[in-house]
Amino acid sequence: MNKKYDAIIIGAGVIGAAIAFELAKKGYKTLNVDKLPSAGYGSTSGSCAVIRFHYSTPDGVATAREGYYYWINWPEYLEVEDELGLVNFINTGCLVIKTELNQYLKNVMTSLEDLGIDFEELDIEGVQKKFPFLDTRKYFPVKLPDDPDFAEPTGDALGGAIFIPESGYISDPQLSTHNLQRATEARGGRFLFNAEVVAIRQKDGRVAGVTLTDGTRIDASIVVNVAGPHSYIINRMAGVEEGMNIKTRALRQEVCHVSPPDGMDYQKEGVMISDGDIGCYSRPETGNHILVGSEDPACDEREWVDPDNYDRNFSKQWTAQVLREAQRIKGLRVPNQMQGVVDLYDVSDDWIPIYDKSDLAGFYMAVGTSGNQYKNAPVVGAMMAELIDRVEAGHDHDGNPLQFLMKYTGRTFNMGFYSRLREINPDSSFSVVG
Ligand SMILES: Cc1cc2nc3c(=O)[nH]c(=O)nc-3n(C[C@H](O)[C@H](O)[C@H](O)COP(=O)(O)OP(=O)(O)OC[C@H]3O[C@@H](n4cnc5c(N)ncnc54)[C@H](O)[C@@H]3O)c2cc1C
């Protein structure tokens, strides 16, 4: 293989592959290096692949809206076939529960209106009519199962909800990454698997390439850190972490797969739910299952871990999430056997990602994706490719943040929103909601 490229991308997850595709389209000779055996085998493989819009910041909503269009135009975007097939967008709609925590969705509704995203505001009768299988009582604040008040309603009714029809999920996140790999290869990009980067080399104050475990040196004057939960390790290798105001670390997460109540076909009758009142999100899952993830309620301990050494077994967290979901879905039972996923988020200090350059010339990063950026992968690919191209041509992104023109929504997006130098964003939910 060649030992010299225009750009080396560390990581072949969904975002690393999307950045490679967009750089390859601009004519860069790219190489994705991944220590795992195939594309999308890292945290992307554990992703719930939810496509939704209700971020707590207007910029978060705008990025998700742009990302949505890539997914519904997936074959046109890729312009290639994949021998394994292409992924699908599965449209479930999303019910978002109004809570004190999300300020009864006031800001979210304003952002949705600004972007022309359809939604229906539902009072409690409206929720019951549309989704009769839901218990609409209030349980907030979220509690641990050993709390004597656990599962005791704290009010007769929730504060209402909104329903956003254009939401759903992608059938197979790993396959979507393979799709991007094939699209990149069709543009001349290359992928190297089972290859771990152990050093970032520098020359004359700029990045010069990477070194692998077996001593192989690969040269490039551009290196992009898209290492997911290992992002902080790569940033430390490059010596750029000190220059960042926002940092990243790995957070352990459990996702539960359970059967729906007896007689219910959840793929037909079910809906995606973002439910801060019980601290869970859920959606229909293949095989007539319900997938239940955590919205990181304040009572739960956050498990910051070493991404190379953490417990991959389910724990009492799994049971807590299912018991909470059983407060909302009438007749949901807690199975004896635990099924689902244990994986890691790469969380930034404010749960908003960092899509940026660094203090080392030629070294870029797309990190801190905080459990909520699968949906944005294609638009992040386009943003990062533009950022890299412009900065390499001399643009001062730190002084004058790049204004990125979104191709589908036609909006101009200030990429300073994702800067490593920003102050912690106080409007964030500080959870997976972003
Ligand atoms: C349980 C879970 C549920 C999620 N649900 C959703 C959701 O519903 N919706 C949503 O939008 N987002 C969701 N996310 C977040 C989303 O999946 C991630 O933001 C996205 O997959 C990150 O992609 P990535 O390419 O940045 O990282 P990854 O997929 O983690 O890829 C990073 C790659 O870097 C490689 N790597 C690391 N270090 C090295 C090294 N030294 N040398 C070589 N290779 C290296 C790894 O092997 C890995 O393959 C979820 C995440 C998790 C974990």
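Is Arg65 buried or exposed? Select Arg65 to start the tour: its relative accessible area is 4%, so Arg65 is buried (buried means under 20% relative accessible area, exposed over 50%, partly exposed in between, with a 1.4 Å probe and protein chains only).

A word on the model before moving on. This is a predicted model, in which local features need pLDDT of at least 70 and side-chain atom pairs count only at pLDDT 80 or more, while totals for chains, interfaces and linings use all residues. Residues are numbered from 1 along each chain as its sequence is written, and side-chain values use heavy atoms, with hydrogens and water left out.

**Stop 1: Arg65 and its partner**

Keep Arg65 selected and add Glu166. Their side chains meet in a salt bridge, 3.0 Å from N to O (a side-chain nitrogen of Lys or Arg within 4 Å of a carboxyl oxygen of Asp or Glu). The pair links distant parts of the chain, 101 residues apart: Arg65 sits in helix α2 (residues 58–72), and Glu166 in the loop between β7 (161–164) and β8 (168–170). Helices (H or I, at least four residues) and strands (E, at least two) are DSSP runs, numbered from the N terminus. Unlike buried Arg65, Glu166 is partly exposed, at 23% relative accessible area.

**Stop 2: strand β14**

Now select residues 248–258, which form strand β14; 10 of its 11 residues are buried. Three strands can be added to the view, where pairing requires that DSSP finds at least two bridges between two strands:

- Show β19 (residues 340–348), which pairs with β14 in the antiparallel sense over 9 bridges; look for Ala250, whose bridge partner there is Asp346.
- Show β17 (residues 289–294), also antiparallel to β14, with 3 bridges; His257 stands opposite Leu291.
- Show β18 (residues 304–305), joined to β14 by 2 bridges and running antiparallel; here Leu251 faces Trp304.

**Stop 3: Arg283 and Glu285**

Next, pick Arg283 and Glu285. The closest N and O atoms of this salt bridge are 2.7 Å apart. Arg283 is buried at 4% relative accessible area, and Glu285 is buried at 16%.

**Stop 4: a network around Asp356**

Finish with Asp356 and Arg420, a salt bridge whose closest N and O atoms are 2.9 Å apart. Asp356 belongs to strand β20 (residues 354–357) and Arg420 to the segment after β23 (412–414), so the pair links distant parts of the chain, 64 residues apart. Asp356 is buried at 0% relative accessibility, and Arg420 is buried at 0% as well. Add Lys357, Asp359 and Asp398 to your selection: salt bridges that share partners join these residues with Asp356 and Arg420 into one network.

How many salt bridges does a search of the whole structure find? The search finds 28.
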